[in-house]
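The following exercises concern one protein model. Please study the sequence and the structure before attempting each task, and then compare your reasoning with the worked solution.

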Amino acid sequence: MKILIVLILILFGMEPKLPYKQQDHAKVIIVYDNYQFAPNTIADWGFACVVIKGNDTLLFDTGAEKEILFNNLQAMNIRLNDIHKLVISHYHGDHTGNIFPVLEVNPHMQVYLPSSLDGNFRIMVENYGAHVVCDQEMRPVGSDIYLSGEMGFQTREQALVIRTDKGLVLLAGCGHPGIDRMVKKVAKRFGEPVYMVMGGFHLEDYGDEELEGLIAELKKLGVQKVVPGHCTGTKAIQRFAREFPDGYFKSGTGRVIEL
Ligand SMILES: [Fe+2]
């Protein structure tokens with residue numbers, strides 16, 4: 001009956017009113033982390049997460065050990081064949097370790113590599129049949145999902161940025177350029193504040209005063225929610241939990257963050 005009404009409206013040149021489509025919400029599933037969150041998942045040094053938003057399913061970094069990544073994907077009911085895009089934050093092995101095992105299962109992904117992996121590594125990825133983009137540029141990689149563009153001086157790193165109705169969400173692999181600097185740069189490049197930061201913040205060597213200054217800076221920049229994991233360091237994670245009583249989420253394998 002509904003179809004008949006729509007056809008009649010179209011025949012008479014009237015546009016049928018379609019139901020309001022809510023903006024697709026994003027979901028981030030952590031599948032490789034130094035900490036365990038969900039049962040049946042395994043923790044290990046490294047980072048990887050899956051981002052699902054509308055028709056886009058991306059893998060951001062790949063962790064280190066094949067058995068651990070594959071176990072965690074299975075535990076979270078994620079099939080590699082359903083993942084269309086792979087983003088690598090930076091060249092370190094705890095993030096790139098499973099690129100080839102992933103491509104063996106799903107060779108035709110769109111892969112975004114940092115510029116430090118240009119050359120032989122890129123050719124090896126392309127030899128699987130993957131289409132590779134390898135540069136330092138900020139660019140869209142899905143619906144409201146972006147590469148930040150590379151940042152930093154020593155270990156150049158790119159983050160993933162998701163635009164939500166609450167603000168920008170920044171996913172950092174390791175935070176080598178400085179997590180506060182990354183937040184600042186992304187806010188400037190996108191012209192809006194970062195409200196949530198996830199991933200590795202690289203603060204193991206930070207003392208109390210440095211942590212205090214960094215957290216104050218993040219708050220000043222508009223950060224309201226944090227999911228510090230991977231290389232953040234246990235002391236820093238505890239501090240974040242205290243300083244963001246309503247905005248701290250424990251990171252770990254199997255953690256699902258709804259955006
Ligand atoms: Fe790392």
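**Exercise 1. Strand β10 and its partners**

Task: Determine which residue of β11 is the bridge partner of L168, and describe how β10 pairs with its partner strands.

Solution. The model is a predicted one.

Step 1. The bridge partner of L168 in β11 is V194. β10 and strand β11 (residues 194-200) are paired in the parallel sense, with 5 bridges.

Step 2. Strand β9 (residues 160-164) runs antiparallel to β10, and 5 bridges join the two. One bridge to locate is that between T164 and G167 of β10. The connection from β9 to β10 is a hairpin through 2 residues.

Step 3. Together with helix α6 (residues 179-190), β10 and β11 form a right-handed β-α-β unit.

Step 4. Of the 6 residues of strand β10 (residues 167-172), 5 are buried, so the strand is largely enclosed by the rest of the structure.

**Exercise 2. The faces of helix α2**

Task: Identify the buried residues of α2, and state which strands they pack against.

Solution.

Step 1. The buried residues of α2 are I68, L69, N72 and L73. Viewed down the axis of α2, these buried residues fall within an arc of 130°, so they line one face of the helix.

Step 2. A general property of helices is helpful here. An α-helix has 3.6 residues a turn, so residues three or four places apart point the same way.

Step 3. The packing partners of the buried residues of α2 are β1 (26-32) and β2 (48-53).

Step 4. Consider next N71, which lies in helix α2 (residues 66-75). Burial requires 20 or more other C-beta atoms within 10 Å. N71 has 16 other C-beta atoms within 10 Å, so it is partly exposed. Its C-alpha atom is separated by 9.0 Å from that of V31, although the two residues are 40 apart along the chain.

Step 5. Just after α2, N77 adopts a positive phi of about 60°.

**Exercise 3. Positive phi values in two loops**

Task: Establish where D61 and H230 are located, and decide whether each is buried or exposed.

Solution.

Step 1. Most residues other than glycine have a negative phi. D61, which is not a glycine, has a positive phi near 65°. H230 is not a glycine either, and its phi is positive, at about 45°.

Step 2. D61 is situated in the loop between β3 (56-60) and α2. H230 is found in the loop between β12 (225-229) and α8 (234-243).

Step 3. Apply the cut-off of 20 or more other C-beta atoms within 10 Å. D61 has 31 such atoms, and is therefore buried. H230 has 29 C-beta neighbours inside 10 Å, and therefore also counts as buried.

**Exercise 4. The overall fold**

Task: State how many helices and strands the protein has, and assess how compact it is for its length.

Solution.

Step 1. The protein has 8 helices and 13 strands.

Step 2. Its radius of gyration is 20 Å, close to the 18 Å that the globule rule gives for 259 residues, so the protein is as compact as a globular protein of that length. The C-alpha trace spans about 70 × 45 × 40 Å along its principal axes.

Step 3. Of the 259 residues, 41% are buried.

Step 4. Among contacts with a separation of 6 or more, 65% are between residues 24 or more positions apart.

Methods. Residues numbered from 1 in each chain as written. Predicted model: local features only at pLDDT ≥ 70, side-chain atom pairs only at ≥ 80, totals over all residues. Helix = DSSP H or I, 4+ residues; strand = E, 2+ residues; numbered from the N terminus. Buried ≥ 20, exposed ≤ 12 C-beta atoms within 10 Å, placed from the backbone. Arc of directions from axis to C-beta. Contact = placed C-beta atoms within 7 Å. Rg over C-alpha atoms; globule rule 2.2 N^0.38 Å. Pairing = 2+ DSSP bridges. Right-handed = clockwise from strand over helix to strand, strands pointing away.
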